[in-house]
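Thank you all for coming; please have the sequence and the structure open while I talk. I will go through one protein with you slowly, moving from the overall picture to single residues.

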Amino acid sequence: PRRRAPTVTYEPAPRQSPPPPPVVYEPPPPAMVVRPEAPPPYEYAPPRRAMYPEPPHEWGLNLHLQGAAIGHGSAGDAGLGGAGLGLRFKPSRYFGIESDLDFLGGHGYAGDDRHETGLSFNGLLFLNPRSRAQLYLLAGFGWSWAHSVCDVGTGAACPGGQSVDADYNYFGGQIGAGLEVRLTRAVAFNVDLRGFIRSRTDALAQVQPEFGPDAQGRTTNTSGGGLFTGGMTLYF
């Protein structure tokens with residue numbers, strides 16, 4: 001006998017579950033970085049330029065006016081004034097050598113009319129050569145030649161009580177201090193005060209003293225005073 005075919009039962013396919021929701025991955029927030037405050041800006045100041053040119057050695061021509069104080073004198077009008085010029089050489093910033101030629105006129109200590117010519121050599125020591133205003137010390141020596149006319153008729157205290165028309169020669173030294181202001185590399189103004197002392201060197205110094213005799217009969221050929229100088233220097 002024929003075999004009976006098996007019974008086939010059809011069932012609907014199972015319903016699929018909905019897909020899971022999509023997962024969105026976001027990067028984490030950046031980490032907070034705490035930075036220290038920036039330091040203040042560094043201000044760089046260039047070094048001050050020296051007032052002197054390089055190399056520091058230089059020559060200078062000095063032109064000046066000057067006045068000499070030699071005491072009140074017998075008539076109360078003693079004093080000399082004039083002008084001069086000098087040649088200066090500075091082998092370094094700190095040191096200089098200067099030669100001056102000066103011409104002065106006025107009244108001498110005895111009340112005489114006097115004209116003098118002086119030649120001096122001085123060393124100068126600059127204490128702060130890199131500054132615009134420079135202090136300096138000076139010291140030196142020199143010679144001077146004077147022509148004096150003393151008339152007793154004017155009340156002048158002429159040597160020996162007699163009118164004199166004479167020439168005198170002197171040698172002496174001086175020391176002082178001053179200030180030089182460098183306006184530019186080539187132009188400077190200067191003022192200084194010098195004290196000087198000198199003695200006669202001419203042939204008549206021993207037989208005809210210049211000063212005296214005083215009440216005690218003393219005579220001398222030594223004199224001194226102060227010299228005030230102001231002028232300008234042209235450097236090259």
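The protein has eight strands and zero helices, and what you have on the screen is a predicted model, so please keep that in mind with every value that I mention. If you read along the sequence, the pattern is β-β-β-β-β-β-β-β. The protein has 236 residues, and 32% of them count as buried. Its accessible surface comes to about 16100 Å², and 64% of that surface belongs to carbon and sulfur atoms. Now consider the contacts between residues that are at least 6 apart in sequence: 62% of these join residues at least 24 apart.

Let us turn to how some of the strands pair. Strand β1, which covers residues 58-69, pairs with strand β8, residues 222-235, in the antiparallel sense over 10 bridges. Within that pairing, you can find Q66 opposite T229 of β8. Strand β8 also pairs with strand β7, residues 187-200, again in the antiparallel sense and over 13 bridges, and here F196 stands opposite G225 of β8. A general point may help when you look at these strands: in a regular strand, the side chains alternate between the two faces of the sheet.

Let us stay with β1 for a moment and pick out H64, which lies in that strand. Is H64 buried or exposed? With a relative accessible area of 5%, H64 is buried, because a residue counts as buried when this value is under 20%. The side chain of H64 makes a polar contact of 2.6 Å with the side chain of N62. If we set aside residues up to four places away in sequence, H64 touches A83, G84, L85, G86, D100, D102, T229, G230 and G231. You may recognise T229 in that list, since T229 is the residue of β8 that stands opposite Q66.

Next, the cysteines. For those who have not met the term, a disulfide is a covalent bond between the sulfur atoms of two cysteines. How many disulfides does the structure hold? It holds one, and this disulfide joins C150 to C158, with a distance of 2.0 Å from S to S. The torsion about the S-S bond of C150 and C158 is about -95°, and therefore the disulfide is left-handed. Both cysteines, C150 and C158, are buried.

These two cysteines bring us to the nonpolar cores. The largest nonpolar core has eight residues, namely A146, C150, A156, C158, V164, A166, Y168 and Y170. Strands β5 (133-150) and β6 (164-182) each supply at least two residues of this core, and the largest share, four residues, comes from β6. Apart from this core lies another one, of seven residues, among them A68, L104, F196 and L227. F196 is the residue that we met opposite G225 in β8.

If we go back to the largest core and take Y170 as an example, what does Y170 touch, not counting residues up to four places away in sequence? The answer is R114, G142, W143, S144, A146, R198, S199, R200, T201 and E210, and of these, A146 is itself listed in the largest core.

Strand β6 offers two further residues to look at, G173 and V181. G173 is partly exposed, because its relative accessible area is 27%, which falls between the 20% limit for buried and the 50% limit for exposed. Leaving aside neighbours within four places in sequence, G173 is in contact with G140, F141, G195, F196 and I197. G173 and A139 are 34 residues apart in sequence, and from C-alpha to C-alpha they are 7.7 Å apart in space. V181 is partly exposed too, with a relative accessible area of 27%. With neighbours within four places in sequence again left aside, V181 is in contact with R132, A133, V187, A188 and F189. V181 and T233 are 52 residues apart in sequence, and 9.8 Å apart in space from C-alpha to C-alpha.

My last stop is a peptide bond. The bond from G212 to P213 is cis, with omega near 0°, and you can find P213 in the loop between β7 and β8.

Definitions and conventions:
Residues numbered from 1 in each chain as written. Predicted model: local features only at pLDDT ≥ 70, side-chain atom pairs only at ≥ 80, totals over all residues. Heavy atoms only, no water. Buried < 20%, exposed > 50% of the residue type's maximum accessible area, 1.4 Å probe, protein only. Polar contact = N/O pair within 3.5 Å; in protein donor to acceptor, adjacent residues only side chain to side chain. Contact = heavy atoms within 4.5 Å. Areas by Shrake-Rupley, 256 points an atom, 1.4 Å probe, with all protein chains shown as cover. Disulfide = S-S within 2.5 Å. Pairing = 2+ DSSP bridges. Core = buried A, V, L, I, M, F, W, Y, C linked by side-chain atoms within 4.5 Å.
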